[in-house]
Amino acid sequence: MIEKSWAMDVRKTVEEIQHTYAEFTRLSILIVDGQGRPLVKPSSYHPFFKKLVDADEETRERFWQEVRHYAGLTRPALCDLWLPGVKFIIAPFKSPAGDVVYYVLAGVLIQSGTKEMLEEEVAGSGLYDESRKLLLDLVLEAEELSGEEAETWREKIGKLAETAERILRSAHREAYVRDRLSELRGVLSTARRERDSIDRTFEQFMDVSGGSDVMGYAERVGPGEYRVSRVVGEGGSGLQDAEFREGEGFLGQAALSDNPMQWTDIQRDPRSFFLKQNGIGEFYGLRCFPVRVGGEQLGILFIVSRKKVQTDALLREFEDVLIALVGEYIASGTIEARMERQIQRLRPLMEVTRFMISAQNTQRIMFMLVDMSLSLVWNPSSAIIVHESSSGEKVQIVSRGIANDFAEQYARDVAKRILRESTGANSAGFELSQTEEGQLMIEYPIVYAGKTRGVLAVSLSSEQEAEECREVLLALATMGSIILQSVYDQQQMNLQNERFLKLMYTSAKAGQDDQGKNTDLALRLLDEYARYGGIAAEEAPFLQRTAMLSVLDDASRSELNEAFAGELAVLKEYQEMLDSEGQTGTFSYSRPAQVLRTVLYFAALDEETAGRLHLTGVSPELFNHFRKFMAVRHTVQSEVVLSDGAAASFNPAEAEERGIEAIVREFGLSKREKEVLELVVRASSNKDIAAKLFISEHTVKNHLTNIFNKMSVSDRAQAIARVFNRGIG
Amino acid sequence: MTISDQELLKLQMECTMFFENNPYAYETARGLAKKLGRAVEPLQIALNRLAAISILDKRGEGNMAIYSYKTPYTQSEVEIH
């Protein structure tokens with residue numbers, strides 16, 4: 001009921017205005033709906049109106065029958081009811097919803113000077129009792145007015161009707177808008193609460209909003225490319241997964257705009273081809289809302305209306321705001337998901353960093369950067385590191401998934417573009433480039449020691465992927481730079497310390513002619529002994545430093561305690577060995593200390609006598625080996641050259657062959673067992689082995705048991721590992 | 001069996017680090033699972049992905065497959081000009 005929808009203050013306002021008019025005109029006024037029911041409390045001066053209000057059903061019905069004769073009125077009029085000359089002003093006005101007519105009724109008034117005549121008319125009407133009494137009351141209590149006055153009151157009552165219409169329409173609109181806003185707020189609340197359920201938000205919105213028949217979201221899937229990822233509404237399913245480009249059709253046009261766009265009466269517009277093609281059928285209008293974050297377009301929300309619907313402007317505005325907010329939720333959900341993916345990738349980076357820190361070797365760190373960057377990108381095809389060589393005119397490459405000649409060509413290009421620059425890093429910390437073959441590369445400068453010394457580049461399938469992984473790769477490249485800086489610092493520090501040690505050694509040996517010469521010889525011997533194979537190549541510099549430290553006095557050594565802690569520990573053992581020389585007992589010294597003792601001992605004596613002695617604490621094997629080395633050192637040329645790049649030149653096939661031969665010799669495998677082992681190493685199953693060797697699977701199992709027993713391994717993986725280890729060793 | 005992207009990535013990193021640290025290791029998924037204290041099935045997914053992106057070499061198929069580290073291509077003296 002309309003009365004119930006009115007707020008109390010609206011009713012009071014209408015009543016107040018009605019009373020004011022009634023007081024001013026001295027007329028009774030009643031505002032009724034299309035059925036004659038009072039909408040507000042009447043302003044009753046005339047007894048007849050009091051009767052109407054006092055719920056005299058019969059009187060009310062009779063009155064209403066009279067009023068109904070004027071049902072077609074569109075303007076306020078002076079109307080005769082029951083008796084010509086007994087007048088009421090009837091002013092029609094539209095109900096708030098605009099669907100029916102309400103009335104303002106005012107009366108009772110008669111033409112001045114006609115009262116007596118009317119009384120006579122009633123008396124002679126032949127009416128009796130109630131009807132007669134009603135008419136007499138009407139006449140006797142009526143206001144007598146001149147024709148001019150009656151016209152004035154008619155206009156006034158007309159104004160009252162207009163005012164009542166305006167107030168009621170405004171109140172109705174307010175109530176309607178309030179209810180709809182409340183419903184729309186419900187949609188927003190759902191959108192906020194259930195961010196994952198965008199379809200539900202769309203459905204709820206369409207229920208609430210008038211004229212929204214299909215609602216969907218087109219997501220940006222690549223540069224200028226969009227795909228409809230969600231769509232709800234009858235007949236909209238054909239749009240699911242449909243793709244379009246920027247500028248194509250209405251949706252494509254909306255993709256180019258920062259602001260919401262709206263089109264109506266578009267059925268015959270050629271830009272609607274995309275909607276028609278995807279089964280939307282009949283439609284009238286389209287509203288599009290860009291979903292953006294910062295300067296980035298994430299997608300477009302769109303609403304299709306099948307027919308023209310008049311919607312309150314305020315509501316439409318609120319709907320637009322609401323859709324924009326739903327768009328914000330979608331955007332924040334997208335960004336959240338993107339960040340979550342970034343975090344997922346960043347977490348393992350901590351582990352990787354710890355691992356890289358422990359490597360302390362430039363080449364291994366580069367291996368890790370290449371491998372990790374491939375792991376972090378979802379659809380990688382290749383990664384490459386270009387790192388400057390020490391000379392600065394050449395570069396070093398570590399790559400995966402790139403043809404060798406292309407890697408070299410790309411490295412030259414990167415060297416010219418990035419390594420030649422002073423810092424290399426733009427503000428974003430990366431660059432996107434395209435190779436001549438059209439491959440998209442994301443490039444991160446590796447900056448340390450004050451300049452760009454390398455570039456980590458990863459190939460990507462699209463710019464979208466670049467957006468997804470750029471931060472995590474930046475973090476990886478930055479960590480790589482920091483760790484390489486620490487390796488570089490450590491190397492520089494070692495270099496400085498070594499220079500300082502050499503300086504101190506040179507100055508110390510100046511005052512010790514013999515010992516200085518002996519130590520110089522010991523340094524050379526260590527180099528030669530390393531080439532001879534007596535010690536590992538990297539052991540020689542360590543022992544040379546220890547030998548140099550042996551010449552320094554205690555005060556100088558304590559200065560270098562921190563820089564050469566390992567060397568000084570060995571030197572301490574060496575001195576203990578000197579002290580224990582000639583004593584009997586069990587001595588246990590490290591191998592470096594034993595080597596140092598032997599080398600310094602031989603360097604201090606001539607070869608003839610040195611070869612005859614035994615040194616306390618030095619193993620006889622080492623001593624004899626070194627003695628043999630001393631004996632042949634004049635004729636031994638550097639025949640044995642150890643390769644630093646053993647890993648790089650490792651050939652699995654050769655290792656496999658060497659390994660099997662070694663295993664056969666070492667464990668005494670039969671010819672058949674050797675054949676079985678060869679197939680095991682090539683990852684053949686028992687069935688395959690049986691087929692290849694024309695024996696039963698049962699026999700294969702027997703051979704395997706024997707092989708495993710002989711090799712003392714428990715499964716084929718261990719057997720294979722052992723084969724390759726022998727092959728490598 | 002389903003495995004989250006995050007879990008897969010973590011396993012990939014773990015396997016990559018293992019093989020970088022042990023470049024001469026030849027491992028089945030089962031053997032590596034024992035060493036890393038991981039379940040075999042998700043590990044196999046991670047190993048296969050590493051093989052797909054050329055970080056590991058894979059010989060054989062299924063449970064018999066043996067994985068080993070593929071040393072990246074390195075070239076230390078490339079002339080810039």
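In this predicted model, three strands of chain B form an open sheet in the order E1-E3-E2. The pairing is antiparallel. E1(B) and strand E2 (56–59) of chain B are the edge strands, and each pairs on one side only. From one strand to the next, the twist averages 30°. E2(B) is joined to strand E3 (residues 66–69) of chain B by four bridges. These two strands run antiparallel. The bridge partner of B:Arg59 is B:Ile66, a residue of E3(B).

Chain B also touches chain A. The contact takes 34 residues from chain B and 43 residues from chain A. On the chain B side, three elements give two or more residues: helix H1 (5–21), strand E1 (26–28) and strand E4 (73–79). H1(B) supplies the largest share of this side, with nine residues. By class, the chain B side has 16 nonpolar, 11 polar and seven charged residues.

Strand pairing also links the two chains. Strand E13 (residues 394–400) of chain A pairs with E4(B). The sense is antiparallel, and the pairing extends over five bridges. Within it, A:Val398 has B:Thr74 of E4(B) as its bridge partner. E4(B) thus appears in two descriptions: it gives two or more residues to the side of chain B that touches chain A, and it pairs with E13(A).

Chain A was then examined as a whole. It has 26 helices and 16 strands. Of its 729 residues, 34% count as buried. Among contacts in chain A with a separation of 6 or more, 56% come from residues 24 or more positions apart.

Six strands of chain A form an open sheet. Their order is E8-E7-E6-E11-E10-E9, with antiparallel pairing. Strand E8 (243–245) and strand E9 (261–264) of chain A stand at the edges. Each has a single partner strand, so one side of each is left without a neighbour in the sheet. Neighbouring strands of this sheet are turned by 25° against each other on average, direction ignored.

At the E8 edge, the partner is strand E7 (residues 225–232) of chain A. E7(A) and E8(A) pair in the antiparallel sense over three bridges. Here A:Tyr226 has A:Phe244 of E8(A) as its bridge partner. A helix is also placed against E7(A). Helix H8 (residues 198–208) of chain A lies across strand E6 (214–222) and E7 of chain A. H8(A) runs at about 65° to E7(A).

Chain A also contains a packed pair of helices. Two packed helices are described by the angle between their axes and the distance between the axes. For helix H11 (residues 313–359) and helix H12 (residues 362–376) of chain A, the axes come within 10 Å. They cross at roughly 170°. That makes H11(A) roughly antiparallel to H12(A), because angles over 145 degrees count as roughly antiparallel.

The residues that meet between these helices can be named. H11(A) brings A:Arg345, A:Val352, A:Phe355, A:Met356 and A:Ala359. H12(A) brings A:Arg364, A:Ile365, A:Met368, A:Met372 and A:Leu376. By class, this contact has eight nonpolar, no polar and two charged residues.

Key
Residues are numbered from 1 along each chain as its sequence is written. Chains are lettered from A and ligands numbered from 1 in the order in which they are written. This is a predicted model: local features need pLDDT of at least 70, side-chain atom pairs count only at pLDDT 80 or more; totals for chains, interfaces and linings use all residues. Two residues are in contact if their C-beta atoms, placed from the backbone, lie within 7 Å. Ala, Val, Leu, Ile, Met, Phe, Trp, Tyr, Cys and Pro count as nonpolar, Asp, Glu, Lys and Arg as charged, and the others, Gly among them, as polar. Two strands pair if DSSP finds at least two bridges between them. Axes are lines fitted to C-alpha atoms, for helices over the stretch in contact, and angles run from 0 to 180 degrees between N-to-C directions. A residue is buried if 20 or more other C-beta atoms lie within 10 Å of its own, exposed if 12 or fewer, and partly exposed in between; C-beta atoms are placed from the backbone. Angles under 35 degrees count as roughly parallel, over 145 as roughly antiparallel, 65 to 115 as roughly perpendicular and the rest as oblique.
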